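Grab a coffee and work through a few short exercises on the chain shown here. Try each task yourself before reading its solution.

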Amino acid sequence: MAFNTSKHTLVESEDGSFTAFSSEFQEHYHSTRDGALHESLYKHVIPAFKHHQDKEELHILDICFGLGFNTLATLYYMRENSIKKRVQIFSPEFDGELITSLREFTYPEIFTDLLPVIEVLSREHVYKDDTLYIELYIGDAREYLRTCSERFDIVYQDAFSPSTNPLLWTKEYFNDIARLIKDDGILTTYSMALKTRIALYENGFNLYINSGKGHRDATLASKSDLSGYEEVDVEHKMKCNKGIHSLRD
Ligand SMILES: C[S@@+](CC[C@H](N)C(=O)[O-])C[C@H]1O[C@@H](n2cnc3c(N)ncnc32)[C@H](O)[C@@H]1O
């Protein structure tokens with residue numbers, strides 16, 4: 001059976017992995033230019049795991065689950081690098097129909113061993129084994145954050161773009177994230193928008209540029225200092241761009 005929902009079309013991205021186009025949001029799930037798999041690994045998973053290489057247990061907030069690339073790329077990266085950490089992943093996603101249809105999605109071949117995880121998640125919304133716990137919350141991410149009692153080492157901030165889905169990029173939204181992320185936690189996002197960076201900065205985050213071969217620049221944020229990355233001088237950018245402000249609820 002082929003992946004097919006009332007709101008999604010399958011699209012091949014530049015690295016050969018498939019993503020989807022949402023007719024509801026009029027946006028692709030990933031950058032088709034950077035590639036779905038590539039984007040997950042290089043903009044989210046690799047910088048997050050490098051930052052936390054010494055921790056034995058990681059709690060991850062995956063905003064939002066979508067096609068599940070960030071969660072699967074996390075498991076793939078751990079397996080490929082023989083990383084033995086205990087990992088818990090929590091991921092809100094309001095499109096329950098999409099989650100059910102994921103067992104038909106065409107994932108990259110390197111995810112083949114991980115397909116049983118998607119199979120279980122799409123039916124039961126929870127997966128667990130000896131070292132891994134994954135929980136999907138089918139509902140609104142804002143509501144989830146308000147009632148969440150977890151504290152996170154990593155936040156994959158991978159909502160649709162600020163212009164398409166502004167409520168997942170506001171100053172108030174990042175206030176909830178700031179409450180839930182640990183002081184040494186790291187937030188990863190593809191967004192380079194100044195209004196996103198200002199919203200994070202206004203909530204006590206330092207901002208950094210995640211640049212690298214084969215992907216367009218992305219943003220990292222942390223309440224602590226991140227070594228090895230160029231820091232963004234948000235104060236200076238705000239002075240030079242007085243008309244740009246954080247999004248508000
Ligand atoms: C860009 S996609 C996420 C891509 C995903 N990280 C992946 O790797 O496939 C954005 C997702 O956010 C979901 N979404 C949008 N607004 C939401 C909200 N308020 N609460 C929960 N999920 C939401 C959409 O249904 C969509 O699946």
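The exercises below go from the whole chain to its cores, and the model is a predicted one.

**Exercise 1.** Work out what the radius of gyration says about the chain's overall form.

*Solution.* Start with the length: for 249 residues, a compact globule would come out near 18 Å. Next, take the chain's own value, 17 Å. The two agree, so the chain fits the compact globule picture. For a feel of the extent, the C-alpha atoms fill a box of roughly 55 × 40 × 40 Å along the principal axes. Packed into that are eight helices and twelve strands.

**Exercise 2.** Find how much of the chain is buried, and how far apart in sequence its contacts reach.

*Solution.* First, burial: 53% of the 249 residues count as buried, meaning under 20% relative accessible area. Then take contacts between residues at least 6 apart in sequence; 69% of these join residues at least 24 apart. Lastly, the outside: about 11,300 Å² is exposed, with carbon and sulfur atoms supplying 47% of it.

**Exercise 3.** Track down the largest nonpolar core and look around Phe49.

*Solution.* The largest core holds 45 residues, and Phe49, Leu67, Phe111 and Ile134 have the most contacts inside it. Elements giving two or more residues to this core include α1 (36–51), β4 (57–63) and α2 (69–80). Now zoom in on Phe49: skipping neighbours within four places in sequence, its contacts include Leu58, Ile60, Met78, Ile154 and Tyr156. Don't stop there, though: a second, separate core has 31 residues, among them Ile63, Phe174, Ile181 and Val232.

Methods. Residues numbered from 1 in each chain as written. Predicted model: local features only at pLDDT ≥ 70, side-chain atom pairs only at ≥ 80, totals over all residues. Heavy atoms only, no water. Helix = DSSP H or I, 4+ residues; strand = E, 2+ residues; numbered from the N terminus. Rg over C-alpha atoms; globule rule 2.2 N^0.38 Å. Buried < 20%, exposed > 50% of the residue type's maximum accessible area, 1.4 Å probe, protein only. Contact = heavy atoms within 4.5 Å. Areas by Shrake-Rupley, 256 points an atom, 1.4 Å probe, with all protein chains shown as cover. Core = buried A, V, L, I, M, F, W, Y, C linked by side-chain atoms within 4.5 Å.
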